[in-house]
Structure formats: C-alpha cells, structure tokens
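Here is a report for a reader who is meeting this structure for the first time. It takes up a pair of helices, then a single helix, and then the contacts between domains and chains.

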Amino acid sequence: MTRISVEVDGVRYEDDVEPRLLLVHYLRERVGKTGTPVGCDTSNCGACTVHLNGESVKSCSVLAVQADGSKITTIEGLANGEWHPLQQAFHTEHALQCGYCTPGMIMAAADLLRENPHPSDQEIREGLEGNLCRCTGYENIVRAVRRAAVAGVTTA
Amino acid sequence: MTTETRAQQPTTELGRARPRKEDARLVTGQTNWTDNIILPGMLHINFVRSPYAHARITRVDVSGALKVPGVIAAFSGADFADEQGSLPCAWPVTPDIVIPAHPPMATDEVRYVGEAVACVVARDRYTAADALAAVDVDYEPLPPVLDMRTALDESSPKVHEAGNKSFEWVFQNGDLDAAFSGAPVVIERNYRQQRLIPSAMEPRAVVCSCVGGEFTLWSSTQIPHVLRVMLALVTGIPEQNIRVIAPDVGGGFGSKLQVTAEEVLAMLLARRLGRPVKWTESRSEGNLTVHHGRDQWQRIRIAAERDGRLRGLSVDLLADMGAYLMLVTPGIPLLGAFMYNSIYKWDAYSFRCTGVFTTKMPTDAYRGAGRPEATFAIERIMDELAAELGVDPLEVRQRNWIKHEEFPYTTIAGLTYDSGNYEAATARSRELFGYDELRAEQERRRASGDPVQLGIGVSTFTEMCGLAPSRVLGSLAYGAGGWEHASVRMLPTGKVEVVTGSSAHGQGHETAWSQIAADKLGVPFEDIRVLHGDTQVSPKGMDTYGSRSLTVGGVAVDGACDKVIAKAKVIASALLEAPPEEIDFSAGTFSVRGNEGVTKTIQDIALATFAAHNLPDGVEPSIDSDATYDPDNFSYPHGTHLCATEIDTETGMVSIRSYVAVDDVGNVVNPLIVEGQVHGGLAQGIAQALFEEAVYDEEGQLITTTMADYLLPSAADLPSFTTDRTQTPATTNPLGVKGVGEAGTIASTPAVVNAIVDALRPLGIRDITMPCTPERVWRAIQASRESGSATQPGNGGAR
C-alpha cells in the first residue's frame with residue numbers, strides 16, 4: 001500500500017492504495033466520484049476523462065499513485081454554483097442521449113477550448129477524436145462545443 | 001411538408017423542441033449506472049471464459065482460485081448444472097426449429113470464444129480478476145465451424161449434435177414463376193452483411209441481492225420487464241419474488257435486449273452465497289460476449305420490364321445464428337422478410353431464410369434488426385437495375401414506388417402501409433442535396449478523368465416500427481405480446497407521475513412522455529415526473545426496442561391521460577353542478593358550457609379525490625388511470641437519403657462530402673430528440689458501410705476485441721449531416737406518430753455504398769464488400785484496371 005494525497009473537486013483526500021489501483025477506480029470506488037464512468041479497458045473511449053492539474057487525462061490510464069500530490073477535477077466538480085457553459089451547451093444542443101460518454105466528452109472539450117478557444121468544426125472533431133460516442137453521431141456535440149466557444153469558455 | 005428550424009418553436013407541447021429533463025443528472029455526473037451501486041458485503045464476480053471456439057471440457061479445477069486471499073468462492077458450470085437452466089429463446093420461428101440447450105456456464109462443451117466455463121467470486125474486482133488465472137480448465141479442442149456457407153455441407157464439423165441447421169423459414173406471395181419467366185430484365189446479386197458489434201458505451205453490469213428469498217436485480221438492460229419473466233422461467237424462482245431494476249442505462253442498440261448468462265448467474269450466486277454480488281464486464285469481454293448483430297449472406301433476384309417496372313422479387317438468406325439461439329436470434333432476419341419489397345409494387349415475392357449455427361458469439365438484435373439488411377439489398381439492387389436500364393436511380397424508384405394517393409396500400413409481403421409520401425420526401429431531399437448540380441459535376445469529373453471521382457448514393461426506404469400488434473407476433477410464433485402499459489397518477493398537490501412500461505436508455509422518454517401528458521392534461525411540463533425501469537414501480541411493460549416506445553408506449557400514456565380526464569369529468573360535473581355533457585375540458589380546466597367563469601382545474605379535481613369529502617355517491621376517490629395499448633398495425637416511417645462520396649482512385653480513400661437525410665416519421669413530439677435519433681442512426685449505418693466489422697480468424701478467435709480494432713468511428717471519421725423532415729401523420733394511432741430510432745441506420749448504409757459504387761461504376765465495378773475500407777476499394781479499382789472491365793463514361797455498367 002502506498003499513501004497518496006490528492007485534491008478531488010476541491011476536497012483533499014489521503015488514502016492508502018495498492019500501487020496498481022487505477023485512478024478511475026480510486027475516484028469511483030474510494031472517493032465516490034461515480035460521475036466518471038469506465039467505457040473500455042484499452043484507453044480508446046475517453047469516457048473516464050478528468051482534469052489532472054488542469055489537463056485532460058483518461059483516468060483509466062493513470063495509476064492512483066501517479067496522481068499523488070495533484071489536483072483533480074471531475075465532471076462533478078465542474079459546475080461552479082451554476083452549470084459550466086459546456087454543460088449548458090450540451091443540454092441546449094441535445095449533445096447527449098444515453099449520457100455515458102458525456103462526462104468525458106465535456107472534460108475533453110473543456111481542455112480543447114482551453115488550448116484553442118476558437119476552434120473550427122474540423123478542429124473540434126479532431127480535438128475530440130479520443131472520446132467516443134455511440135448515440136449522437138457527434139453532430140450535436142460539435143454544435144455544443146461551438147456554442148460554448150462562442151460564449152467564450154476558455155477554462156474549466 | 002415541414003421544414004423545421006430551431007427558431008420556429010411551436011407553443012404547444014407536442015412538437016416543441018424541449019431540451020431534455022434527463023440531462024440534469026447526465027451532464028453533472030449524478031447518473032446512476034449499475035456499476036455505481038455498492039451494497040454492504042457485496043462481492044465481485046469474474047468469469048473464466050473459453051479460449052477455444054470449440055472444445056470439450058475435460059476438467060475444471062477451481063481449487064487454486066480458492067487459495068487466493070480475498071476469494072470467497074469459485075464454481076464450475078457443473079456446480080450449477082441442477083439450477084442454472086438454459087438461456088431462453090423466445091422466438092421459435094418454425095415448429096421444427098432446433099433450439100440447443102444453452103447453459104449459462106458451459107458444462108461439457110464450449111462453442112465460442114468467450115463462453116463462460118467457471119466463475120470466481122471475491123471481495124474486490126481486482127482480486128476476482130487475479131484469481132481467474134488460478135482456475136485450471138482442460139479442453140480437448142474440436143474443429144471450429146466458421147463459415148455459414150459451408151456449415152451445411154455433409155462434411156462440415158457439427159456445432160451441435162443435431163447439426164448446423166437451426167431452421168428454414170419461407171414466405172411466398174404471388175406467382176413467382178410467372179413474374180420471372182420471360183422477364184426482359186433479371187438481375188441477381190449476392191450481398192454480404194458483415195458481423196457487427198453493437199458497442200453501447202456503457203459495458204454491461206449486474207448487481208443482485210437476495211434477502212429472505214426475495215431478489216433485487218439491477219442490470220444494464222433495455223428490458224427489465226421481459227427479463228423478470230424470463231429469469232423466473234429459467235431459474236424457477238417465483239416471479240413475484242424477483243424485482244428487476246434498470247437504472248440509468250448507457251445505450252443498448254439492441255445489445256441489451258437480452259437475457260444473459262451473467263444475469264442468471266448473479267441471481268444464483270447471490271442466493272448460494274447469501275451476499276450481494278456484482279459483475280461488470282470489461283470492453284474486451286463485451287466485444288466477445290455481448291451478442292453480435294447482422295452476419296448474413298443475401299442472394300437477391302429481381303425481374304423487371306424494360307421500362308423499369310418491377311415484376312418479381314426473390315430473396316434467399318443464410319443467417320449466422322452463432323453458437324446458440326438467444327432471446328430473439330432466429331426472428332431477426334425474419335423481421336427483414338417484410339421489408340425487402342420496400343416502398344415498391346411487385347407482382348410476386350418469395351423469401352427464404354436458413355438459420356445456421358457456427359462456433360461464434362450468437363447474433364441477435366442490433367439497431368434495425370433485419371430491416372437494415374433488407375433495405376441494403378433492395379436499395380443496392382435498385383441501383384443495379386437503374387444502371388442496367390441506363391436510367392437515373394431516383395427515376396427507376398419513382399416508377400415503382402407506391403404513390404401518395406394509393407395509401408393505404410397492402411404490400412406483396414402482406415403488410416398494410418397506412419400512409420406515406422415518397423414524392424415529397426424525395427423532392428425535399430433532392431433540393432437540399434443539389435442533386436442535379438452534383439450529377440452535372442459528376443459528369444464533368446468523369447469526362448476529365450479526375451483521379452478523385454464523385455459518387456451519388458440514393459436510398460429511399462421504409463421500415464416497420466412500433467413492434468407490434470400482438471396478433472401479428474403470435475402468427476410469427478413470437479413468445480410474447482407487443483402492447484405497452486402506462487399509468488398516470490394525479491398527486492394531491494397537483495403534480496403528476498407518469499409510469500411507463502417503456503425502458504429508456506438514452507431515448508429521452510422522461511421528456512417526451514412529459515410533453516404528451518402536459519399536452520393532454522394541461523398541466524405544466526415541469527410538474528410531471530416520468531417513472532420507469534423498475535418492475536416494482538412500473539409493474540407492467542414490454543420495454544424498449546424496435547422503435548416501439550413512442551408509437552406504442554407514448555400512445556399508452558396518451559390513453560391513460562384520456563381516462564384520467566374522463567374520470568375527472570364525472571367529479572367536475574358534480575362539483576360544478578352541471579351534467580357531464582355540459583362540461584368542457586380544455587388546457588387543464590373543466591368549465592360549464594355557456595358559463596365559462598365557473599371552472600375547476602384538473603389539479604382541483606385531484607385534490608378533491610385526496611380529501612374525498614364531497615365526491616358524488618358511487619365515485620371512487622381517485623382519477624389515477626392505466627392504459628395498455630396494443631397497436632392494430634405497425635407504423636411505417638420512410639425517407640429519402642442522398643449521399644455524395646469522393647473517392648481517391650489512387651488510394652481507395654472514401655470520404656463523404658455531403659449527406660442529406662429527409663425522414664418522414666409522422667407527427668413529432670420533440671424535434672430535438674428526433675433529430676438526435678436520426679444523427680445517431682446515420683453514424684451507425686455509415687459505420688457499417690465504411691468501418692466496422694467483427695472479425696474472427698481461422699481458429700475462431702475474435703480479433704476485434706477493442707474499439708480501436710473494431711473501428712468504432714470518432715467525430716473526426718464522420719461527416720456533418722443535413723437533416724429535414726416531411727410530415728405525413730400515421731393514421732394507425734391517435735398521436736399520428738411513426739418511430740425514429742432506427743431510421744438513420746436503416747437508410748444510410750445502402751446510401752453510402754451506392755455512392756461508392758456509383759463513383760466507380762465507369763470502371764465496371766458493381767459491388768464492394770462492406771466495410772468499404774480504402775484497401776478494398778483500392779483492390780477493386782486495381783482488379784478492374786487489370787481486367788480491363790472499365791466501361792465508357794455514362795454507360796450503365798456491366799451486368
């Protein structure tokens with residue numbers, strides 16, 4: 001067991017973890033952040049995307065011990081009193097159906113807009129290539145990210 | 001015809017583009033997925049699965065696993081032989097169908113890679129995974145059966161003792177010999193429907209607790225109600241002691257229309273161990289063991305006049321069942337039987353389907369379920385007919401389709417299409433697409449020998465939705481009905497609960513059903529809550545699949561609201577002191593005709609029944625109501641999809657330049673949801689055309705076990721879509737709705753492949769096997785150049 005200290009959505013946690021414990025399982029099963037789901041075991045789908053020190057990572061591809069000392073934001077910590085503009089835009093544009101990919105998609109989109117505040121549609125599509133959705137055909141996801149970009153979202 | 005724009009919002013509830021209620025939990029990470037559930041003392045299950053496509057099990061030794069710290073129990077199939085039963089097939093399509101026993105854990109033989117042979121139960125998921133390696137299983141490999149085309153040969157190894165044929169199902173109407181004999185044009189083609197993996201984003205998960213002999217099973221399922229019945233039948237556990245909950249479910253596309261080994265075993269393990277258990281699959285495990293879709297060889301033959309008028313249609317299918325028949329496996333290709341004739345008029349039709357066993361994962365429902373296959377084959381061969389005749393593909397369709405004034409129309413397959421307007425949808429699609437301009441550009445690029453060729457693909461389609469009239473299901477030997485149930489509960493504070501038997505997993509029923517009830521009852525949309533997916537809360541239901549929920553379940557909600565109003569009217573009449581025939585109801589308010597100032601709202605009546613102080617004699621103190629709706633007919637959405645592809649003839653790369661989908665789904669409750677369903681359907685249909693295939697190697701190993709290998713498309717792989725609607729209301733249900741869940745998937749696959757073949761037709765190419773990868777396209781181009789089969793530009797192409 002290894003002792004780690006992480007800040008998740010603004011709260012500090014200290015826990016003993018197995019060195020092999022994946023960050024996503026730590027978040028879901030130890031911290032209770034079940035808003036971040038697991039969609040695959042091969043880092044293809046991006047459903048588990050969170051922000052680690054402000055940058056998006058697939059939390060199935062990070063060990064909990066690697067996150068020691070870092071600040072993590074999950075979908076549950078994105079809203080600040082009111083919904084984040086991306087959450088609002090996904091709702092308005094109907095950019096989700098079953099919603100399983102949505103937490104990862106929104107976290108990845110937030111990182112995309114941080115790096116490129118005014119992406120073209122093609123840049124949105126390429127920027128979200130690591131996040132798979134089976135329901136929407138991506139059309140409304142592109143619209144939602146474009147809407148949030150117009151609204152001037154640059155940070156999570 | 002309706003051209004929707006988001007700026008034009010109707011003020012009525014029906015037809016209003018309301019963003020969804022469901023989103024509040026989905027965008028904030030407060031969703032309740034099955035894998036989120038943690039119960040006190042809960043144990044984790046993991047399965048030892050067969051590494052062989054076909055083998056005899058000679059020994060299973062779980063003792064090593066029991067020594068792993070944290071492991072509580074481990075079992076082989078033999079340990080459950082007396083109680084695990086056989087997984088059900090609810091659709092014995094013929095009297096002599098072969099339905100092999102299908103134990104949830106194999107006991108003596110395995111028949112596909114991934115079949116469960118043993119299980120380990122441990123205190124946490126990591127320990128359960130570790131302990132799998134400590135289970136010893138000895139196998140005696142048997143020859144795999146991998147090609148359904150040779151599986152019926154005498155010399156083929158057998159999947160089951162009874163042989164490799166499960167059933168042969170035939171349908172015939174009209175004089176086929178007369179239609180084909182002497183026909184000026186006869187075209188025959190063989191098409192391949194590759195095997196697909198549905199790939200819902202949420203992997204399957206099951207949690208089960210057993211307390212005092214009463215079971216609660218949470219599952220990522222589309223069918224909590226059907227599952228409950230089937231679990232009772234399979235395990236012998238009394239139905240009243242089983243509660244099934246489908247919490248938030250992350251997509252299904254047919255793959256969660258199933259009764260799975262893992263669900264049955266979770267119940268049996270919870271009972272045997274006296275502890276709650278959980279199983280969550282990994283994606284690679286899911287690709288192996290979530291039922292697959294499609295996998296057919298289609299031989300289609302048509303006879304026509306020189307002017308293009310269709311005479312006869314003959315279809316002969318081989319359908320790969322995989323190793324066993326699961327819930328509706330054999331019925332899936334048969335759902336296509338009624339759709340090969342499509343929107344066209346025929347003199348005669350024959351259909352034959354042979355279901356074949358192989359040593360692969362069983363196939364079953366995948367978005368469209370039989371109808372995409374049928375639409376693909378007919379729309380592909382209609383393009384071949386157009387090429388043969390040298391006529392525009394839309395023109396040859398128009399010469400044969402049912403005209404809008406000819407509805408209702410009974411087709412050669414025996415269905416009565418109630419309504420439609422193929423002319424209107426096609427005209428709108430042509431206009432949005434710029435059909436004539438693109439044809440002119442195509443001519444120019446052909447003439448100039450542009451290395452990047454333009455192709456135009458046409459797909460006019462219909463489908464049967466709203467599964468289904470129970471009598472029709474009975475005539476097809478299906479084991480259940482096709483009705484749906486709803487109840488409407490009027491709460492004392494004026495709020496409303498709508499309980500539905502449909503089981504949404506992304507479709508937005510909480511929003512759409514609220515709109516239906518708000519419209520009917522005149523209560524605010526925000527005051528309505530929709531409850532579903534729990535057999536204790538919603539005791540009756542047939543669940544969600546086959547684009548049935550709105551056309552059956554939504555109509556049941558509408559019907560239950562009617563009953564609420566009728567009951568409330570009796571009480572309103574007493575309270576307003578006027579006879580019922582003088583009471584009007586509008587926008588949530590009862591009034592006395594001619595004295596509009598005297599009113600009671602429906603919420604007033606609900607409160608009056610709560611107090612029940614002043615009800616008329618003999619009137620029960622409740623206006624809550626139930627409705628169970630069994631449709632008289634299917635519904636028949638249709639549409640015209642047009643696709644433009646650009647093909648680099650030097651690399652074989654296909655890119656979709658534009659895609660226009662004009663769908664007619666009848667009346668629309670929520671255009672935002674409808675548009676989203678079309679988008680998602682298009683993505684899946686296009687993915688079948690261009691990317692996806694479940695590939696087994698020559699040993700029967702699945703080699704597409706990850707989403708990357710399977711090529712599930714990302715945003716960067718797909719085009720932007722142009723969608724629009726025409727609106728021809730269904731006449732077979734009071735809402736005039738038709739269903740939309742599968743339309744995009746059904747229409748788009750042939751539109752894309754037709755566009756690819758259209759681009760390459762001057763090279764003499766008349767088919768590319770799906771998925772149309774750059775390599776396959778490039779090889780087809782090379783082969784055509786080497787054989788010199790190219791035809792002159794503008795020529796209809798080789799036969």
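Helix axes are lines fitted to C-alpha atoms over the stretch in contact, and the angles between them run from 0 to 180 degrees between N-to-C directions. Helices (H or I, at least four residues) and strands (E, at least two) are DSSP runs, numbered from the N terminus. The model is a predicted one, in which local features need pLDDT of at least 70 and side-chain atom pairs count only at pLDDT 80 or more, while totals for chains, interfaces and linings use all residues. Residues are numbered from 1 along each chain as its sequence is written, and chains are lettered from A and ligands numbered from 1 in the order in which they are written.

In chain B, the axes of helix α10 (residues 371-389) and helix α20 (residues 743-760) come within 8 Å and cross at roughly 30°. That crossing makes α10(B) roughly parallel to α20(B), since angles under 35 degrees count as roughly parallel. The residues that make the contact include B:Phe376 and B:Arg380 of α10(B) and B:Ile746 and B:Val753 of α20(B), where two residues are in contact if their C-beta atoms, placed from the backbone, lie within 7 Å.

Helix α17 of chain B (residues 602-611) has as its buried residues B:Ile602, B:Gln603, B:Ile605, B:Ala606 and B:Ala608, a residue being buried if 20 or more other C-beta atoms, placed from the backbone, lie within 10 Å of its own. The cover over these buried residues includes β19 (484-490), α15 (509-521), α16 (549-576) and β24 (595-601) of chain B. Just after α17(B), B:Ala612 takes a positive phi of about 60°.

Chain A is divided into domain 1 (2-76) and domain 2 (85-150), with bounds that come from an automatic or database domain assignment. The C-alpha centres of these two domains of chain A lie 21 Å apart, and their contact takes 15 residues from domain 1 and 11 residues from domain 2. On the side of domain 1 of chain A that touches domain 2, the largest share, three residues, comes from β3(A).

Between the chains, 45 residues of chain A are in contact with 40 residues of chain B. The elements that give two or more residues to the side of chain A that touches chain B are α2 (85-92), α3 (102-115), α4 (121-127) and α5 (139-150) of chain A.

The table divides three sets of contact residues by class, with Ala, Val, Leu, Ile, Met, Phe, Trp, Tyr, Cys and Pro counted as nonpolar, Asp, Glu, Lys and Arg as charged, and the others, Gly among them, as polar.

| Set of residues | Nonpolar | Polar | Charged |
|---|---|---|---|
| Contact of α10(B) with α20(B) | seven residues | four residues | four residues |
| Side of domain 1 of chain A that touches domain 2 of chain A | six residues | eight residues | one residue |
| Side of chain A that touches chain B | 20 residues | 17 residues | eight residues |

Conventions
A residue is buried if 20 or more other C-beta atoms lie within 10 Å of its own, exposed if 12 or fewer, and partly exposed in between; C-beta atoms are placed from the backbone. Angles under 35 degrees count as roughly parallel, over 145 as roughly antiparallel, 65 to 115 as roughly perpendicular and the rest as oblique.
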